[in-house]
Amino acid sequence: MIPSQLPETAYAAVIALDWGDRQHAWAMSTSESSRPQTGWLINTPEAIDQWATQIAQAHPGGPIAVVLERCRKRRGWRLSGFVRGIRC
């Protein structure tokens with residue numbers, strides 16, 4: 001499927017995630033806010049799980065898109081319980 005043929009989806013949130021060795025930077029746009037939210041995550045499984053849980057709970061009804069700066073299968077897999085469609 002080419003990009004012009006992709007179905008339009010109304011995402012509850014779109015998140016860009018930049019994996020780092022010690023911490024991860026993120027930016028999130030939502031339909032409720034005109035300004036993106038940004039933050040940092042410590043590079044631990046617990047911190048990623050807590051952050052992803054908070055995002056999922058804040059947007060229970062709609063799909064969440066995650067754009068990864070680079071895909072590391074282990075970390076992408078970690079998010080798979082919270083968002084759908086992560087591909088590496």
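Modeller: Before we start, one cut-off: a residue is called buried under 20% relative accessible area, exposed over 50%, and partly exposed in between. Keep in mind that the model here is predicted.

Biologist: Fine. Which residues does the face of H1 turned away from its buried side carry?

Modeller: Glu-46, Gln-50 and Gln-57, and they are exposed. By the cut-off, each has over 50% relative accessible area.

Biologist: And which residues of H1 are the buried ones?

Modeller: Ala-47, Ile-48, Trp-51, Ala-52 and Ile-55.

Biologist: How do you know where on the helix the buried residues of H1 fall?

Modeller: Look down the axis of H1: the buried residues fall within an arc of 125 degrees, so they line one face of the helix. As background, an α-helix has 3.6 residues a turn, so residues three or four places apart point the same way.

Biologist: What makes you happy with the span of H1?

Modeller: H1 has 14 residues, and at 1.5 Å a residue these should span 20 Å. The end C-alpha atoms of H1 are 20 Å apart, which agrees.

Biologist: Now the aromatics. How many aromatic pairs does a search of the whole structure find?

Modeller: One. The rings belong to Trp-26 and Trp-51, with centres 5.8 Å apart. The cut-off for a pair is 6.5 Å between centres, so these two rings qualify.

Biologist: Why is the pair of Trp-26 and Trp-51 called stacked, edge-to-face or tilted?

Modeller: Stacked needs planes under 30 degrees apart and edge-to-face needs over 60. The planes of Trp-26 and Trp-51 are at 45 degrees, so the pair is tilted.

Biologist: What parts does the pair tie together?

Modeller: Trp-26 lies in strand E2 (residues 23-30) and Trp-51 in helix H1 (residues 45-58), so the pair ties together parts that are 25 residues apart in sequence. Both tryptophans are buried.

Biologist: On to the surface. Why does Val-14 count as it does, buried, partly exposed or exposed?

Modeller: Val-14 has 37% relative accessibility, between the 20% and 50% limits, so it counts as partly exposed. Val-14 sits in strand E1 (residues 13-18). Together with Tyr-11 and Val-67, Val-14 forms a nonpolar patch on the surface, with about 250 Å² of accessible area together.

Biologist: And what makes Pro-36 buried or exposed?

Modeller: Its value is 52%, and the limit is over 50%, so Pro-36 counts as exposed. Pro-36 is in the loop between E2 and strand E3 (37-42). From Val-14, Pro-36 is 22 residues away along the chain, with 9.5 Å between their C-alpha atoms.

Biologist: What about Gln-37, buried, partly exposed or exposed?

Modeller: At 39%, Gln-37 falls in between the limits, so it counts as partly exposed. Gln-37 lies in strand E3, and its C-alpha is 5.6 Å from that of Ala-27, 10 residues apart in sequence.

Terms used: Residues are numbered from 1 along each chain as its sequence is written. This is a predicted model: local features need pLDDT of at least 70, side-chain atom pairs count only at pLDDT 80 or more; totals for chains, interfaces and linings use all residues. Side-chain values use heavy atoms; hydrogens and water are left out. Rings of Phe, Tyr and Trp (its six-membered ring) pair if their centres lie within 6.5 Å; planes under 30 degrees apart count as stacked, over 60 as edge-to-face and the rest as tilted. Helices (H or I, at least four residues) and strands (E, at least two) are DSSP runs, numbered from the N terminus. Buried means under 20% relative accessible area, exposed over 50%, partly exposed in between (1.4 Å probe, protein chains only). Patches are made of residues with over 30% relative accessible area and no salt bridge: like charges are joined within 9 Å, nonpolar side chains (Val, Leu, Ile, Met, Phe, Trp, Tyr) within 5 Å. Accessible areas come from the Shrake-Rupley method with a 1.4 Å probe; for residues, only the protein chains shown count as cover. A salt bridge is a side-chain nitrogen of Lys or Arg within 4 Å of a carboxyl oxygen of Asp or Glu. The expected span of a helix is 1.5 Å times one less than its number of residues. The arc is that of the directions from the helix axis to the C-beta atoms.
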